[in-house]
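Open the model in your viewer and keep the selection tool at hand. This tour moves from stop to stop.

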Amino acid sequence: MAAGGRLCACCGSAEGVEEHHLYLKADGCPDDLTVFLCHVHHGQVHEMHALMRLHLCITGPGPRLMGAAVC
Ligand SMILES: [Zn+2]
Ligand SMILES: [Zn+2]
């Protein structure tokens with residue numbers, strides 16, 4: 001994807017945008033979904049994961065809580 005198309009999903013910033021993996025197929029999700037986040041919000045997401053160790057999977061048959069932290 002072109003760099004110009006990457007915007008932080010939280011704040012819309014185009015500075016230092018990184019791709020964050022929401023869940024992995026290995027965790028039982030049908031898709032390896034990613035979201036673009038700036039460095040600040042990417043860090044915040046990982047801090048949250050470290051505290052909660054949970055992912056809400058919205059791609060399956062229903063909302064599921066996932067236990068694995070991914071990047
Ligand atoms: Zn951001
Ligand atoms: Zn990440």
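**First stop: G16.** Select G16, in the segment before β1. This is a predicted model. Is G16 buried or exposed? G16 counts as exposed, because its C-beta neighbours inside 10 Å number 12, and a residue with 12 or fewer is classed that way. Now add C38 to the selection. Along the sequence, G16 and C38 are 22 residues apart. In space, their C-alpha atoms are 5.4 Å apart. Add H39 as well. Leaving aside residues up to four places away in sequence, G16 touches C38 and H39.

**Next: the whole chain.** Zoom out and colour by secondary structure. The protein chain has one helix and four strands. Trace the chain along its sequence, and the pattern reads β-β-α-β-β. How much of the chain is buried? Buried residues make up 11% of the 71 residues. Look at the contacts too. Of those between residues at least 6 apart in sequence, 44% join residues at least 24 apart.

**Next: the loop between β1 and β2.** Find β1 at 18-21 and β2 at 34-37. Select Y23, which lies in the loop between them. Y23 is buried because it has 23 C-beta neighbours inside 10 Å, where the cut-off is 20 or more. Add L33 to the view. Y23 and L33 are ten residues apart along the chain, and 6.1 Å separates their C-alpha atoms.

Step to L22. This residue also lies in the loop between β1 and β2. How exposed is L22? L22 is partly exposed, because 19 other C-beta atoms lie within 10 Å, and buried status needs 20 or more. Now pick D32. The C-alpha atoms of L22 and D32 are separated by 7.2 Å. Along the chain, these two are ten residues apart.

**Next: the helix.** Select residues 39-52 to show helix α1. V40 lies within this helix. V40 counts as partly exposed, because it has 14 C-beta neighbours inside 10 Å. That number falls between the limits of 12 or fewer for exposed and 20 or more for buried. Add C11 and draw a distance line. The C-alpha atoms of V40 and C11 are 9.7 Å apart, with their positions 29 residues apart along the chain.

**Last stop: confidence.** Colour the chain by pLDDT. The mean for the protein chain is 74, and 59% of its residues reach 70 or more. Where does pLDDT stay under 50? Select residues 54-69, where it does so throughout. For this stretch the model has 28 contacts beyond four places in sequence.

Note on methods. Residues numbered from 1 in each chain as written. Chains lettered and ligands numbered in written order. Predicted model: local features only at pLDDT ≥ 70, side-chain atom pairs only at ≥ 80, totals over all residues. Helix = DSSP H or I, 4+ residues; strand = E, 2+ residues; numbered from the N terminus. Contact = placed C-beta atoms within 7 Å. pLDDT = per-residue confidence, 0-100.
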